[in-house]
Structures are given as C-alpha cells and as structure tokens.
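Work through the exercises below with the structure in view. Try each task before reading its solution.

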Amino acid sequence: MDGSISPRIEKIVDLFRRAKVDVELSTEIRKELWTKLAWNSAFNQVCTIARATVGSILDSRVMKLLLRDTMAEVFAVARKNRVSLSKEVIDTSLRLSSEELRTVKPSMLQDFEKGK
C-alpha cells in the first residue's frame, strides 16, 4: 500500500505477462483502488436499476450524468481519505467504457438477473 515495488510483486507481474495477461504495475495502489470503486459504484448500481448494459447507459445523456455524479461522489470520499483523484479520471473512465465495454453487464446486474 505504500507504493513500493517488492520482488514478490515483480514475480507476480512476470507470471501474468508470461501467461499473456495484460497487467500494469502501479505505485499508486490507493488511487487505483478508489478509481475502480468509483467505476463499480456508478456502473453496478445504474446498470442494475436500469437493467441495461454499459453502452445503453452511456447512450443516455441523463444516465451518463448520473454516472458522472456518482463517480464524483466517490472521488469526494477519496479526498476525505487523503487520496486525490483528478476529475479527468472520470472522463477517461467514461470514454474507455464507451469504447471497450459497451456490451458488458456489470457483475451486480448479472447477479440480479440470476436472482442472487
């Protein structure tokens, strides 16, 4: 959590790379965790309530604003926990989701559809 690169993590990254798994080593794990939490908090809830894929939600101006506001709320909590996240991360997350995750049903929606 302190951002240091240990020999153990270098071995793990090497194993992933040799297995042809795309992996990125970060020294800012707290930022990575809060960024992931922001995406999950927004997309899991909104997609489940709307029963829609990521792309369907992003195609709606109103729903996209809801995603943006939800992510911004998580970022505000992150700041209270001394983790500074740029608002550009929200824009990047929404753009990448639109480009790469359009057909994805977040895990919460998948669980909901299975009656969990």
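**Exercise 1. A bridge between two helices**

Task: Find the partner of D91 in a salt bridge, and say where the two residues lie.

Solution.
- Start at the charged end of D91. It forms a salt bridge with R68, and the closest N and O atoms are 2.5 Å apart.
- Now place the pair. D91 sits in helix α5 and R68 in helix α4 (residues 61-80). They are 23 residues apart, so to speak a link between distant parts of the chain.
- Check the cover on D91. Its relative accessible area is 40%, so D91 is partly exposed.
- Do the same for R68. The value is 28%, and R68 therefore counts as partly exposed too.

One remark before going on: this is a predicted model.

**Exercise 2. A bridge inside one helix**

Task: Locate the salt bridge of E99 and describe how its two ends are spaced in sequence.

Solution.
- The partner of E99 is R95, with 3.4 Å between the closest N and O atoms.
- Both residues belong to helix α5. They are 4 residues apart, about one turn of the helix.
- Next comes accessibility. E99 has 52% relative accessibility, which means that it counts as exposed. The cut-off for exposed is over 50%.
- R95 has a relative accessible area of 42%, so R95 is partly exposed.

**Exercise 3. One more bridge, and the total**

Task: Which residue forms a salt bridge with E113, and how many salt bridges are found in the whole structure?

Solution.
- E113 pairs with K105. Their closest N and O atoms are 3.2 Å apart.
- E113 is partly exposed because its relative accessible area is 45%.
- K105 is partly exposed as well, at 35% relative accessibility.
- A search of the whole structure gives 6 salt bridges.

**Exercise 4. A polar residue under cover**

Task: Decide whether N44 is buried or exposed, then list what surrounds it.

Solution.
- Place the residue in its element. N44 is part of helix α2 (residues 29-50).
- Read its accessibility. The value is 7%, so N44 counts as buried. Buried means under 20%.
- Follow the side chain. It reaches the backbone nitrogen of S107 at 3.5 Å.
- Collect the contacts, leaving out residues up to four places away in sequence. N44 touches W39, P106, S107 and M108.

**Exercise 5. A serine in helix α5**

Task: Is S93 buried or exposed, and which residues does it contact beyond its sequence neighbours?

Solution.
- S93 lies in helix α5, which covers residues 87-100.
- Its relative accessible area is 13%, so S93 is buried.
- Set aside neighbours within four places in sequence. S93 is then in contact with W39 and M71.
- Compare the contact lists. W39 appears in the list for N44 and in the list for S93.

**Exercise 6. A nonpolar patch**

Task: Name the residues that make the nonpolar surface patch of about 310 Å².

Solution.
- The patch is made by M1, I29 and L33.
- Take M1 and find its place. It lies in the segment before α1 (7-18).
- M1 has 67% relative accessibility and therefore counts as exposed.

**Exercise 7. Backbone angles to look at twice**

Task: Find out what is notable about the phi angles of R51 and R82.

Solution.
- Begin with the background. Most residues other than glycine have a negative phi.
- R51 has a phi near 55°, a positive value in a residue that is not glycine. R51 is in the loop between α2 and α3 (54-58).
- R82 has a positive phi of about 65°, and it is not a glycine either. R82 is in the loop between α4 and α5.
- R82 counts as exposed because its relative accessibility is 79%.

**Exercise 8. The whole chain**

Task: How many helices and strands does the protein chain have, and what part of its residues is buried?

Solution.
- Count the elements: 6 helices and 0 strands.
- Turn to burial. Of the 116 residues, 28% are buried.
- Look at the contacts with a separation of 6 or more. Residues 24 or more positions apart account for 64% of them.
- Add the extent. The C-alpha atoms fill a box of roughly 45 × 35 × 30 Å along the principal axes.
- Finish with the surface. The accessible surface comes to about 8,100 Å², and 53% of it belongs to carbon and sulfur atoms.

Terms used
Residues numbered from 1 in each chain as written. Predicted model: local features only at pLDDT ≥ 70, side-chain atom pairs only at ≥ 80, totals over all residues. Heavy atoms only, no water. Patch = residues over 30% accessible without salt bridge, like charges linked within 9 Å, V, L, I, M, F, W, Y side chains within 5 Å. Areas by Shrake-Rupley, 256 points an atom, 1.4 Å probe, with all protein chains shown as cover. Salt bridge = Lys/Arg side-chain N within 4 Å of Asp/Glu carboxyl O. Buried < 20%, exposed > 50% of the residue type's maximum accessible area, 1.4 Å probe, protein only. Polar contact = N/O pair within 3.5 Å; in protein donor to acceptor, adjacent residues only side chain to side chain. Contact = heavy atoms within 4.5 Å.
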